[in-house]
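Open the model in a viewer and keep the selection panel at hand. The stops below can be followed in order.

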Amino acid sequence: MLTSFIHKFSAPKSYVEMTAKLLPYIASCGLLLLLTGWVWGLAFAPEDAVQGNSYRIIFLHVPASIFAQAIYLFMSICAVMSVVWRVKLAAYLIKSAASVGALITFIALFSGSIWGIPTWGTWWQWDARITSTLILFIMYLGVITLHGSFSNLEKADRLMSILVIVGLVNIPIIKKSVDWWSTLHQPASITVSGAPTIDPSMLYPLFVSILGMGLVLISLGILSSRLHILGREKNKKWVQSYE
Amino acid sequence: MISVMASELFKLRKKIRAWLGPLLIMILVLIAFPLSIDISQYDLNKFYFSIIVISLLVISFLATETMFVEDFEDGTLEQIYLQERDFYKLALAKVLIYVLLIGVPMSLIGSLFSFANGVDASQLPQIFITLIFSTLLLFNLFAFGAALSINKGAMLGVLATLPLALPVIILLGRAIRAVQFGNGFYEIMALMIGAGLLVAALVPLVISITLRTHLE
């Protein structure tokens, strides 16, 4: 049943039809959660004892940083599917996710810089985490540029997928950079294995913001991939008859 | 494999500009750097390494840019593809010959220039080994980049893989600091050798898939 679902869903036509129904719900839930998380975090969460109000940027910075890496991980899974099983939809999704990934990585870097001024006294430091995130941003741009430079789009899909798989090596480096190198950046406050080191009154709005941002980014990804698919398959009958 | 390496060595040796050019640029950069600053005010042996590291990155970048272009244009790659022969050996041989003919002299030049700028002679073997493994890593990564956009001007692919080279630069920087301060060198070297061998074994496989994609 799962295999037939995957086969059905991986056809561009089914994907476009299915996401048309899901998109309004995902986007509205995402926006609602994101706004709730931000209002809760900015207006109702208590002030930090050390950083004062400047810490409140975490409600933007932390979700952005998490998804900067998560999107690349998603692209890598799609790249494996594209290279190994030649799933056409997977390549379309990589191309669409790369733009969203570049945008959110830029937001993570920019919000981090703003946070750096009151906490570190500088907006930029050649610190392990910041530098590796900048590398990730350049990787996203590299993927987009590489794809854009080929007129044979099938070949471009395949080469882009290979680059994404090789670039995956950067993700553990970014993740562990704060543990491996001496760095200004604080270690992660929320980990999968341990208890969070952040107070629940700040943690809950943060979770809501992460969830909201995740859904908003999924919506952006769906929107961008639908446009990409309709462009790529414009000569197919189902696109011409699609309303 | 030996015959592939011999033929690659012959081909690269004939293309004097391809191997001598990068070495001359490296020498030029290393000479120009101390001339461009007031050496009475700066202790060169403290930060001369950074210019060696950067020149290593840039020269590896330049040296590998045209690695597959000629073979692509003269139909060698297509012939290999049509004969259903493996690209792995070709990619491995090419990278190893480039390391041998460009990487080793680059590392030697880097070590000698660091000696000329006040680094202790006893540290030279450590610096040389560090630079050799860095070039092995960098040449593999940039060779992948060159293969990626072979018919679009390899510079694009090399630029796309540039971010992958930055962790190598961070590692190289740490290795050099370990040489300077005399602790932790062997740990970093073990990591570098491990990464170098892994990359040298795996990247030719990725290059062969990439080349095949271009010819399909």
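What follows is a walk through a predicted model, from overall confidence to single residues.

**Confidence.** Colour by pLDDT before selecting anything. The predictor gives the complex an ipTM of 0.80 and a pTM of 0.84. In chain B the average pLDDT is 84, and 95% of the residues score at least 70. Where pLDDT is low, the predicted coordinates should not be read in detail.

**Chain B as a whole.** Select chain B and show it as a cartoon. Nine helices and zero strands make up its secondary structure, so the order of elements from the N terminus is α-α-α-α-α-α-α-α-α. Along the principal axes, the C-alpha atoms of chain B fill a box of roughly 60 × 35 × 30 Å. A compact globule of 216 residues would have a radius of gyration near 17 Å, and the 18 Å of chain B agrees with that. Of the 216 residues, 43% count as buried. Among contacts in chain B between residues at least 6 apart in sequence, 77% join residues at least 24 apart.

**The contact between the chains.** Now select the residues of each chain that touch the other. Chain A contributes 18 residues and chain B contributes 15 residues. On the side of chain A, the elements giving two or more residues are α5 (128-148), α6 (153-167) and α7 (170-180). Which of them gives the most? That is α6(A), with seven residues. By type, this side of chain A divides into eleven nonpolar, five polar and two charged residues.

**Helix α6 of chain A.** Stay on α6(A) and select its two end C-alpha atoms. They are 20 Å apart, which agrees with the 21 Å that 15 residues should span at 1.5 Å a residue. Next, pick out the buried residues of α6(A): D157(A), R158(A), L159(A), M160(A), S161(A), I162(A), L163(A), V164(A), V166(A) and G167(A).

**The nonpolar core.** The largest nonpolar core has 120 residues, and I94(A), L163(A) and A143(B) touch the most other members. The helix that gives the most to this core is α7 of chain B (residues 124-148), with 15 residues. Centre the view on I94(A). Leaving aside neighbours within four places in sequence, I94(A) is in contact with M75(A), C78(A), A79(A), S82(A), M160(A), S161(A) and V164(A). Of these partners, M160(A), S161(A) and V164(A) are among the buried residues of α6(A).

**Helix α7 of chain B.** Select residues 124-148 of chain B. With 25 residues, α7(B) reaches 36 Å from its first C-alpha to its last, close to the 36 Å expected at 1.5 Å a residue. Is α7(B) mostly covered or mostly open? It is mostly covered, as 20 of its 25 residues are buried.

**R86 of chain A.** Go to the loop between α3 (58-84) and α4 (88-120) of chain A, where R86(A) lies. Most residues other than glycine have a negative phi. R86(A) has a positive phi of about 55° although it is not a glycine. With 13 other C-beta atoms within 10 Å, R86(A) is partly exposed.

**Y204 of chain A.** The last stop is Y204(A), in helix α8 (residues 200-232) of chain A. Y204(A) is partly exposed, having 15 other C-beta atoms within 10 Å. Add W40(A) to the selection and draw a distance between the C-alpha atoms: they are separated by 8.9 Å, while the two residues are 164 residues apart along the chain.

Terms used:
Residues are numbered from 1 along each chain as its sequence is written. Chains are lettered from A and ligands numbered from 1 in the order in which they are written. This is a predicted model: local features need pLDDT of at least 70, side-chain atom pairs count only at pLDDT 80 or more; totals for chains, interfaces and linings use all residues. Two residues are in contact if their C-beta atoms, placed from the backbone, lie within 7 Å. Helices (H or I, at least four residues) and strands (E, at least two) are DSSP runs, numbered from the N terminus. Ala, Val, Leu, Ile, Met, Phe, Trp, Tyr, Cys and Pro count as nonpolar, Asp, Glu, Lys and Arg as charged, and the others, Gly among them, as polar. The expected span of a helix is 1.5 Å times one less than its number of residues. A residue is buried if 20 or more other C-beta atoms lie within 10 Å of its own, exposed if 12 or fewer, and partly exposed in between; C-beta atoms are placed from the backbone. The radius of gyration is taken over C-alpha atoms; the globule rule is 2.2 Å times the number of residues to the power 0.38. pLDDT is the predictor's confidence in each residue, from 0 to 100. A nonpolar core is a set of buried Ala, Val, Leu, Ile, Met, Phe, Trp, Tyr and Cys residues joined through C-beta atoms within 7 Å.
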